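User: I am new to protein structures and would like to learn how to read one. Could you take me through this one step by step?

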Amino acid sequence: MTQTIHLVDILLHGYHGLFEEEKLVGNTFKINVTVVYQPSSFPITLLEDTIDYGAVFSILQHQMQEATPLLETVAANFTLAVFEKFSTAQEISIHIQKMVPPIEGMVGSVAVGLTMNRKDL
């Protein structure tokens, strides 16, 4: 049996990108995270039996505060940090959307996604 936690439509500001403007002004990012895990007991009655989504959010905040050229790197570093903190995590998916990409003439957003299973480590 597995369960999931979700962080949905999290908005954070960050300085990720290859262009100087992105490094100076930053951008707004919309992030969705799913963590599949095996609970320590069932039914879950204690925080210790699940994955604390507040702690997952803290990891996400930390990763988003570190200016990184590629969102793929942010996604990978976040995923590895969650696996390290939570031994019950079996699979993690993250989707990071750059709300205003610096692409001339483009109206819309861009995003990267990563899904990783613990057995892939």
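Analyst: Happy to help; we will go from the overall layout to single residues. Please keep in mind that this is a predicted model.

User: Let's begin with the overall layout. How many helices and strands does the chain have?

Analyst: There are 3 helices and 4 strands. Reading from the N terminus, their order is β-α-β-α-α-β-β. The C-alpha atoms fill a box of roughly 50 × 25 × 20 Å along the principal axes. Of the 121 residues, 37% count as buried.

User: How do strands pair up? In which sense do β1 and β2 run?

Analyst: β1 and β2 run antiparallel, and 10 bridges join them. You can find one such pair by looking at L12, whose bridge partner in β2 is F29. β2 also pairs with β3, again in the antiparallel sense, over 9 bridges. There, V35 stands opposite I92 of β3.

User: What should I look for in a helix such as α2? How many residues does it have?

Analyst: Helix α2 covers residues 53-65, which is 13 residues. From first to last C-alpha it reaches 18 Å, close to the 18 Å expected at 1.5 Å a residue. At the start of α2, look at D52: one of its side-chain oxygens comes to within 2.8 Å of the backbone nitrogen of G54.

User: Which residues of α2 are buried, and what covers them?

Analyst: The buried ones are A55, V56, I59, L60, Q63 and M64. Their cover includes the strands β1, β2 and β3, together with helix α3.

User: Now a single residue. Is I96 buried or exposed?

Analyst: The idea is to compare the relative accessible area with a cut-off: buried means under 20%. I96 has a relative accessible area of 0%, so it is buried. This residue lies in strand β3. Leaving out residues up to four places away in sequence, I96 touches F29, K30, I31, L71, V74, A75, V110, A111 and V112.

User: How far apart are I96 and I31 in sequence and in space?

Analyst: They are 65 residues apart in sequence and 4.6 Å apart in space, C-alpha to C-alpha. For the chain as a whole, take the contacts between residues at least 6 apart in sequence: 62% of them join residues at least 24 apart.

User: Can a charged residue be read the same way? Why does E22 count as buried?

Analyst: E22 counts as buried because its relative accessibility is 4%. This residue lies in helix α1. The side chains of E22 and K98 are joined by a polar contact of 2.4 Å. Setting aside neighbours within four places in sequence, E22 is in contact with Y15, H16, G17, K98 and P102.

User: What about ring interactions? How many aromatic pairs does the structure hold?

Analyst: The number of aromatic pairs is 0. There is a charge over a ring, though: the charged end of K85 sits over the ring of F86, 5.8 Å from its centre.

User: Last, which backbone details should I check?

Analyst: Most residues other than glycine have a negative phi, and most peptide bonds are trans. In this model, D9 has a positive phi near 55°. D9 belongs to strand β1 and is partly exposed, with a relative accessible area of 43%. As for peptide bonds, the one joining F42 and P43 is cis, with omega about 0°. P43 sits in the loop between β2 and α2.

Terms used. Residues numbered from 1 in each chain as written. Predicted model: local features only at pLDDT ≥ 70, side-chain atom pairs only at ≥ 80, totals over all residues. Heavy atoms only, no water. Helix = DSSP H or I, 4+ residues; strand = E, 2+ residues; numbered from the N terminus. Buried < 20%, exposed > 50% of the residue type's maximum accessible area, 1.4 Å probe, protein only. Polar contact = N/O pair within 3.5 Å; in protein donor to acceptor, adjacent residues only side chain to side chain. Contact = heavy atoms within 4.5 Å. Phe/Tyr/Trp six-rings, centres within 6.5 Å; stacked < 30°, edge-to-face > 60°. Lys NZ or Arg CZ within 6 Å of the ring centre and 35° of its normal. Expected span 1.5 Å × (residues − 1). Pairing = 2+ DSSP bridges.
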